[in-house]
Amino acid sequence: MAKYVCDFEQVYAAGEKVCQAASELSTAISNYSSHIDNDLSTWSGNAKGSFTTTNAEQVSLANTNAAYVNALGEFIKSSAKSIQSLEEQLSSLTI
């Protein structure tokens with residue numbers, strides 16, 4: 001019978017790295033947004049309004065994507081724990 005092996009620690013660590021990347025992405029988005037808002041403070045008129053609206057939409061989209069990446073990392077970590085738990089339960093069975 002074939003035996004499948006999963007390195008749970010490595011899979012969990014990969015999930016941690018994905019979550020860390022999401023955190024770094026969120027920080028970068030926040031810094032970008034703050035700098036743009038600061039630079040726009042000297043603007044006025046229609047150009048400022050148009051750019052501000054478009055920029056806010058893009059920041060929102062980027063934040064949504066960062067949240068998705070974080071959720072993916074959490075899913076990977078949760079999956080590793082669930083598979084490990086199931087494997088432990090199966091290995092304790094005697095047939």
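This section describes the salt bridges, an aromatic pair and a nonpolar surface patch in a predicted model.

Side chains of opposite charge can pair when their charged atoms come close. A search of the whole structure identified two salt bridges. In one of them, K77 is joined to E16, with the closest N and O atoms 3.0 Å apart. This contact links distant parts of the chain, since K77 belongs to helix α2 whereas E16 belongs to helix α1, which spans residues 8–40. The two residues are 61 residues apart. Their surroundings were also assessed by accessibility. K77 has a relative accessibility of 10% and therefore counts as buried, the limit for that class being under 20%. E16, at 35% relative accessibility, counts as partly exposed.

The side chain of K77 also meets that of E74 in a salt bridge, with an N to O distance of 3.3 Å. Here both residues lie in helix α2, three residues apart, which corresponds to about one turn of the helix. E74 counts as partly exposed because its relative accessibility is 38%, a value that falls between the limits of 20% for buried and 50% for exposed. Through salt bridges that share partners, E16, E74 and K77 are joined into one network. Within this network, K77 is buried at 10% relative accessibility, whereas E16 is partly exposed at 35% and E74 is partly exposed at 38%.

Aromatic contacts were examined next. A pair of aromatic rings is described by the distance of the centres and the angle of the planes. The count came to one aromatic pair. This pair is formed by W43 and F51, whose ring centres are separated by 5.6 Å and whose planes stand at 50 degrees to each other. The arrangement is classed as tilted because the angle lies neither under 30 degrees, as required for stacked rings, nor over 60 degrees, as required for edge-to-face rings. F51 is located in helix α2, which comprises residues 46–91. Both members of the pair were assigned to the intermediate accessibility class. W43 is partly exposed, with a relative accessible area of 41%, and F51 is partly exposed, with a relative accessible area of 34%.

W43 and F51 also take part in a feature of the surface. Together with Y32, they form a nonpolar patch with about 310 Å² of accessible area. Patch members must have over 30% relative accessible area, a condition that W43 meets at 41% and F51 meets at 34%.

Technical notes:
Residues are numbered from 1 along each chain as its sequence is written. This is a predicted model: local features need pLDDT of at least 70, side-chain atom pairs count only at pLDDT 80 or more; totals for chains, interfaces and linings use all residues. Side-chain values use heavy atoms; hydrogens and water are left out. Patches are made of residues with over 30% relative accessible area and no salt bridge: like charges are joined within 9 Å, nonpolar side chains (Val, Leu, Ile, Met, Phe, Trp, Tyr) within 5 Å. Accessible areas come from the Shrake-Rupley method with a 1.4 Å probe; for residues, only the protein chains shown count as cover. A salt bridge is a side-chain nitrogen of Lys or Arg within 4 Å of a carboxyl oxygen of Asp or Glu. Helices (H or I, at least four residues) and strands (E, at least two) are DSSP runs, numbered from the N terminus. Rings of Phe, Tyr and Trp (its six-membered ring) pair if their centres lie within 6.5 Å; planes under 30 degrees apart count as stacked, over 60 as edge-to-face and the rest as tilted. Buried means under 20% relative accessible area, exposed over 50%, partly exposed in between (1.4 Å probe, protein chains only).
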